[in-house]
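Biologist: I have a structure open on my screen and I'd like to learn how to read the empty spaces in it. Can you walk me through them?

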Amino acid sequence: MTFANHEWFPAPTDLTLLPDDVHLWRIELERSQLELESLLTTLCGDEVARANRFYFQQHQERFIAGRGILRAILGRYLQIEPQAVQFDYQAQGKPLLAGKFACSGLSFNLSHSQDLALCAVTTHRPIGVDLEYIRSVSDVESLAQRFFAPREYAVVRSLPPDQKQQIFFRYWTCKEAYLKATGVGIAHLEEVEIFLTPESPAKLNTDEEWSLVELIPAPNYVAATAVAGSRFNLKCWQY
């Protein structure tokens, strides 16, 4: 798998998810007020309460858009209305399908940063995705020393300043994607070892039975998805 700009296509009306498919959805969270009102009607009571807890309206609207569109996407695969989707949550907060949909075999994960989100969907195997907006981090070396494996920290430390930020966030998204896929919390970041360089794509040293795919979904963003297994067909959709 390569670290590259993938093309994002409109999803077909007859959307199908084959056993070897991995679908990634790029979601723009800035939505019109009319669409936000429509998405809000598909959320359950707990989700509406979570939305109302955000202090800033922009953050509230991003949550409504992200959760509402997640419901719309999953509804397409399950062939149900978005408001009929039911969720359960693992101990670390990872959402799963619940109720009669728990046995559907559909696996998904959602990540958002700033005004962009990514949703990863596959079937009968765990999957995780992480998305980060590349921002200036003043103490990037000390963060890498604290959360990364010694060899990863050495890579960050060896690079010129203009490359440190992107490499740091590439490591971070790869680790987060794997931890989200396995349902393990962020406290285990340093236990997940990634091999990568500025020129080469990431590889998960911790577990060779998993695959990593790195993406650049938009300027100044990096992302990664982790999926169990090595054989799959990646398709990138624009919601």
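Modeller: Let's start with the largest cavity, keeping in mind that this is a predicted model. A cavity is a space where a 1.4 Å probe fits but cannot get out. Here, its lining is made up of Leu29, Glu30, Arg31, Leu36, Gln58, Glu61 and Arg62.

Biologist: How much space lies in that largest cavity?

Modeller: About 30 Å³. Searching the whole structure for cavities of 30 Å³ or more turns up just one.

Biologist: Which element gives the most to its lining, and how do the lining residues split by class?

Modeller: Helix H3 gives the most, with three residues. As for class, four residues are charged, two are nonpolar and one is polar.

Biologist: Okay, now pockets. How do I read those?

Modeller: A pocket, unlike a cavity, is an open set of points. Have a look at the largest one: it holds about 640 Å³ of space. There are 26 residues in its lining, and those nearest its centre are Gly93, Pro95, Leu110, His112 and Lys180.

Biologist: Which elements give two or more residues to that lining?

Modeller: Two helices and two strands: H3 (57-78) and H6 (161-182), plus S5 (106-113) and S7 (127-133). By class, the lining of this largest pocket has ten nonpolar residues, eight polar and eight charged.

Biologist: And what does the second largest pocket look like?

Modeller: The second largest pocket holds about 200 Å³. It is lined by 14 residues, and Leu15, Leu17, Arg76, Tyr77 and Leu78 are the closest to its centre. H3 is the top contributor here, giving three residues to the lining. Seven of the lining residues are polar, five are nonpolar and two are charged.

Biologist: Let's try a single residue. How do I read a charged one such as Asp130?

Modeller: Find where it sits, then check its surroundings. Asp130 belongs to strand S7, and it is buried.

Biologist: Why does Asp130 have no salt bridge?

Modeller: A salt bridge needs a side-chain nitrogen of Lys or Arg within 4 Å of a carboxyl oxygen of Asp or Glu. The nearest side chain of opposite charge to Asp130 is Lys180, 4.4 Å away, so the pair misses that cut-off.

Biologist: What polar contact does the side chain of Asp130 make, then?

Modeller: There's one with the side chain of Ser111, at 3.4 Å. You've also met Lys180 before: it was among the residues nearest the centre of the largest pocket.

Definitions and conventions: Residues are numbered from 1 along each chain as its sequence is written. This is a predicted model: local features need pLDDT of at least 70, side-chain atom pairs count only at pLDDT 80 or more; totals for chains, interfaces and linings use all residues. Side-chain values use heavy atoms; hydrogens and water are left out. On a 1 Å grid over the protein atoms alone, a cavity is a set of points where a 1.4 Å probe fits but cannot get out, and a pocket is an open set with protein on both sides within 12 Å along at least five of seven lines; lining residues have an atom within 4 Å of a point. Grid points are joined across faces, edges and corners, and a volume is the space filled by probe spheres set on the points. Helices (H or I, at least four residues) and strands (E, at least two) are DSSP runs, numbered from the N terminus. Ala, Val, Leu, Ile, Met, Phe, Trp, Tyr, Cys and Pro count as nonpolar, Asp, Glu, Lys and Arg as charged, and the others, Gly among them, as polar. Buried means under 20% relative accessible area, exposed over 50%, partly exposed in between (1.4 Å probe, protein chains only). Lys and Arg count as positive and Asp and Glu as negative; His and the chain ends are not counted. A polar contact is a pair of N or O atoms within 3.5 Å; within protein, one must be able to donate a hydrogen and the other to accept it, and residues adjacent in sequence count only if both atoms are side-chain atoms.
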